[in-house]
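Hi,

Here is the structure I said I would pass on. Have a look at it first, and my notes follow below.

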Amino acid sequence: MSTELHVQRIRVYFDAASGEIVHVHQLVTETDEPLTEQRMDEEMAALEEVLRRRHPAALDYLVVDEAAIAEAVAPDVNLRVDVEARVLLRS
């Protein structure tokens, strides 16, 4: 039996000064197991704690959609975050 997955939320974590992307996180659940907003926030907070220990620079994040992630993993595409505009840019 195949399980369908649903992307609940995607965050791109980046260096708040340079815009360098340090991690992309997709919170995925089975389609029939939706998460409450509180549970999604708890899951993301746990990940952020780990990221902040690994990356001494100040981090921030953007919430993005699946289309933005598809572009980010396309061949020959490098992205960064425009820190002031808070958008993904090709670099």
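Reading from the N terminus, the elements go β-β-α-β-α-β-β, which gives 2 helices and 5 strands. Keep in mind that this is a predicted model.

The part I looked at most is the sheet. It is an open one built from 3 strands in the order β2-β1-β3, with antiparallel pairing. Because β2 (21-30) and β3 (59-64) sit at the edges with a single partner strand each, one side of each has no neighbour in the sheet. From one strand to the next, the twist averages 25 degrees.

Strand β1 (residues 5-15) and β3 run antiparallel and are joined by 6 bridges. If you want a spot to zoom in on, Phe14 stands opposite Asp60 in β3. Helix α1 (residues 37-54) packs on the sheet and touches β1, β2 and β3. The direction of α1 makes about 35 degrees with that of β1.

Some overall numbers, too. The C-alpha atoms fill a box of roughly 45 × 30 × 20 Å along the principal axes. Of the 91 residues, 26% are buried. The accessible surface is about 6200 Å², and carbon and sulfur atoms account for 49% of that. If you take contacts between residues at least 6 apart in sequence, 57% join residues at least 24 apart.

And the charges: there are 9 positive and 19 negative ones, and their mean positions lie 6 Å apart.

Cheers

Key
Residues numbered from 1 in each chain as written. Predicted model: local features only at pLDDT ≥ 70, side-chain atom pairs only at ≥ 80, totals over all residues. Heavy atoms only, no water. Helix = DSSP H or I, 4+ residues; strand = E, 2+ residues; numbered from the N terminus. Buried < 20%, exposed > 50% of the residue type's maximum accessible area, 1.4 Å probe, protein only. Contact = heavy atoms within 4.5 Å. Areas by Shrake-Rupley, 256 points an atom, 1.4 Å probe, with all protein chains shown as cover. Lys, Arg positive; Asp, Glu negative; His and termini not counted. Charge placed at Lys NZ, Arg CZ, Asp CG, Glu CD. Pairing = 2+ DSSP bridges. Axes fitted to C-alpha atoms, helices over the stretch in contact; angles between N-to-C directions.
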